[in-house]
Amino acid sequence: MADFQSPKGTRDFYPDQMALRRHVENIWRKASVDCGFDEIEGPTFEHLSLFTAKSGPGIVSELFSFRRAGGSDDYALRPEFTPTLARMAAARAGTLSVPTKWFAIPLHFRAERPQRGRLREFVQWNVDLLGSEGAAADCDVIACAALALERLGLKPTDVRFRLAHRGASAAVLTAAGVAGEHIGEAFELLDRRDKLSPEEFQTRAVKLGLDDAAQKRFAAIAGTKLPVSASMNDVAASLGVGADVLAPLAELSEKLNSLGLSDWCQWDFGIVRGLAYYTGTVFEVHECAGKERAIAGGGRYDGLVELFGGPKMPAIGFGMGDVVLGLVLADKGLLPKDGGQLLPRPDVFLISDGSDAAEKTLPKLVMQIRRAGLHARHSWKATKNVGKLLSDAGKCRARSALILGAEMAEGAVAIKDLDGGGQRVVPLEEVVATLLAMTGANTSTVSKHD
RNA sequence: GCGGUCGUAGCUCAGUAGGUAGAGCAUCGGGUUGUGAUCCUGAGGGUCGCGGGUUCAAAUCCCGUCGAUCGCCCCA
C-alpha cells in the first residue's frame, strides 16, 4: 500500500476508467456539435469574486479557494461553468451572433462531503444557448441533452425530463391562494416538500397564509406530474387554474411534441431549482424509478449575462455531470463492465520469432506502419513463444498480428487476421499497403461517434 | 459540519483463546509443442490505511486520524 491516498472525493482514472470517461465525453461532444453548439473552455480557476457575484458570500465554504503565497488576490477552482460562460459572453456581447450556442466539458471542484453520485472533482457537460427567448430555444438545448442520452443507450423508459416553468408555477401558486409577496417562500417550500416532516410542512404553509383547503391544493400541485402531450385544458383543470395562465407550457408542449421528445418529458410542478436564478423554464433529468440524484439540471436564466457586466441577454442551459450519469448507465448495463473494451484497438500487433533478421526488422516496420497512420504495437516480452505472443495481441484486442518468422528468409512476413482468423504471407514492401487495405474496411464501419 | 458501516497483495478474499501474513486471478521470467492455447516450473509484490496505547508479543484489543460507503445539512 502506498503512503499516499488520493484526496477525498477524487478519482484516479486508470486506462479502463479513462476509456469509459472518454466514451461518455465523446458522445456529449458529438451530440453538441451535431446540434450546432461550438465548444469553448475557460480557466480552471477564477477570481473568487466571480463566484460570489452569482451565488453570494455563502458559497465560499463550498469552494476550494486559495491565495498565491505572497499574493493578495483570492482565487477559487471553478465549482460550475456558468459564471465563466457568462463572463465570456459579457466580454464579447456586442459581436456574438444570435443565438450563440456554446458547450463545454470542463472539470469542476466542490468542497463538499462526498456521497453516492457526488464527488469533489467531476466532469460536467454544459450546454447553453444565449440571445434567444422562447420555447424553441428551450427545446433546442433539451433536445441536445436527449440526443446524448439516447446515444448512450438510454430510453424514455429509463430517464425522464421533468419540466416546469417559473412563471406558470407562480401563477398556479397564486391561484392556490399564495400571496404575491410569498411566492419565493412558496417555491422554497415546493422544493423542500419531500425533506420536511408533515408538521414542519404545515407550519410553513400556515406562514404563507394558506388555510386547510389551500394547503391541500398546494400539496397536490407539488405532486402533480403529467405527460407533456396532455391537453392544456386537462393540465389546467387538474391544477385548478384557467388554461391561459399555462401559456408558457403550451408553447413548450407544442415544440416538444413536434421534436418527437414528448416521451422523454413530463410536467412536474415540484421542480423548482436554484431559487434565485431561474426565470422561466426549469428542468431536471432523473432516472425514471427515482434512483440516484438528478442526472442533469438546467433552465432559463435571463439575468445571467447582465449579472456579469454584459447587456441583457436571455439564456437557457443545463449541466450534466459524469458521476450520476455513470451510476445510471452502469445500473442499466449500458457501460461495459470492463472499460478495456472501449480502449482503441491496435490495427496490428507485431511478433518476432527472435531471429536476428526479425529483431532487426521489427522496429523499422513498426515505425513505417505508424507513419502510415496506423495503430501498431509489439510485444515487450522476452519469450519467443509465438502462442504466448499471440495471446498478448489478443489481450490488447489487436485487429491483426504480423509475425516475423521463417518467411523472413524470402523477405516476407505472415499477417494473421485476429478477428477472422485467416492468415497470409505478404512481402515486406507490401505490408503497409496490405494493412491499410485491411483496416480501411474496418474503420469505415466502426467510427460511429468520432 | 453531524451520525452508521467498513479499510489485509493490482483484483476477489482467507487469516480471533493476540505469537510480527496466505490462496486464486493478474503481472513478470524459464521450458515444451511454431499460431490467440495446453502443460510443467520459478519470481516479484503487503511495515495488514496511518499514528498512538495496552501487552513479553497486535492484522487481531482500545483511542485518534485519513480514506471509502450510506444517511442528515447542502446541492450552483
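In this predicted model, the surface near RNA strand B has 11 nonpolar, 11 polar and 17 charged residues. A total of 39 residues surround RNA strand B. Of these, Arg-113, Lys-195, Asn-385, Ser-391 and Leu-418 come nearest. On the RNA side, 50% of the atoms that come within 4 Å of the protein belong to sugar and phosphate.

Individual side chains meet RNA strand B at separate kinds of atom. Arg-113 reaches a base: an N or O atom of its side chain is 2.4 Å from a base nitrogen of RNA strand B. Two other side chains were examined at the phosphates. For Arg-192, an N or O atom in the side chain is 2.9 Å from a phosphate oxygen of RNA strand B. For Lys-381, a polar side-chain atom lies 3.3 Å from a phosphate oxygen of RNA strand B.

The surface near RNA strand B also draws on defined elements. Helix H14, residues 386-395, and strand E17, residues 412-417, each supply at least two of its residues. Helix H14 gives the largest share, seven residues.

Both H14 and E17 take part in the arrangement around a five-stranded sheet. Helix H14 lies across strands E14, E16 and E17. Its direction is at about 165 degrees to E14. Strand E17 is itself a member of this open sheet, which has the order E15-E14-E16-E17-E18. The pairing in the sheet is mixed. At the edges stand strand E15 (376-378) and strand E18 (423-427). Each has a single partner strand, so one side of each is left without a neighbour in the sheet. From one strand to the next, the twist averages 25 degrees.

Inside this sheet, strand E16 (residues 400-404) is joined to E17 by four bridges. The two strands run antiparallel. Across this pairing, Ser-400 stands opposite Asp-417 in E17. A further helix, H13 (residues 356-371), lies across E14 (348-352), E15 and E16. Helix H13 runs at about 170 degrees to E14. Strands E14 and E16 therefore meet both helices: H13 lies across them, and so does H14.

A second open sheet was found earlier in the chain. It consists of three strands in the order E2-E4-E3, with antiparallel pairing. Strand E2 (45-47) and strand E3 (65-67) stand at its edges. Because each of them has a single partner strand, one side of each is left without a neighbour in the sheet. Here the twist averages 35 degrees from one strand to the next.

Strand E4 covers residues 74-77, and three bridges join it to E2. These two strands run antiparallel. In this pairing, His-47 stands opposite Tyr-75 in E4. Helix H2 (residues 48-55) lies across E2, E3 and E4. Its direction is at about 75 degrees to E2.

Aromatic pairs were also counted. The structure holds nine of them. One is formed by Phe-45 and Phe-66. This pair is edge-to-face, with 65 degrees between the planes and 5.6 Å centre to centre. Phe-45 belongs to strand E2 and Phe-66 to strand E3. The two residues are 21 residues apart, and the pair links distant parts of the chain. Strands E2 and E3 are the edge strands of the three-stranded sheet, and the Phe-45 and Phe-66 pair links one to the other.

How values were computed. Residues are numbered from 1 along each chain as its sequence is written. Chains are lettered from A and ligands numbered from 1 in the order in which they are written. This is a predicted model: local features need pLDDT of at least 70, side-chain atom pairs count only at pLDDT 80 or more; totals for chains, interfaces and linings use all residues. Side-chain values use heavy atoms; hydrogens and water are left out. A residue is near a molecule or strand if one of its heavy atoms lies within 4 Å of it. A polar contact is a pair of N or O atoms within 3.5 Å; within protein, one must be able to donate a hydrogen and the other to accept it, and residues adjacent in sequence count only if both atoms are side-chain atoms. Ala, Val, Leu, Ile, Met, Phe, Trp, Tyr, Cys and Pro count as nonpolar, Asp, Glu, Lys and Arg as charged, and the others, Gly among them, as polar. Two strands pair if DSSP finds at least two bridges between them. Axes are lines fitted to C-alpha atoms, for helices over the stretch in contact, and angles run from 0 to 180 degrees between N-to-C directions. Contact means heavy atoms within 4.5 Å. Rings of Phe, Tyr and Trp (its six-membered ring) pair if their centres lie within 6.5 Å; planes under 30 degrees apart count as stacked, over 60 as edge-to-face and the rest as tilted.
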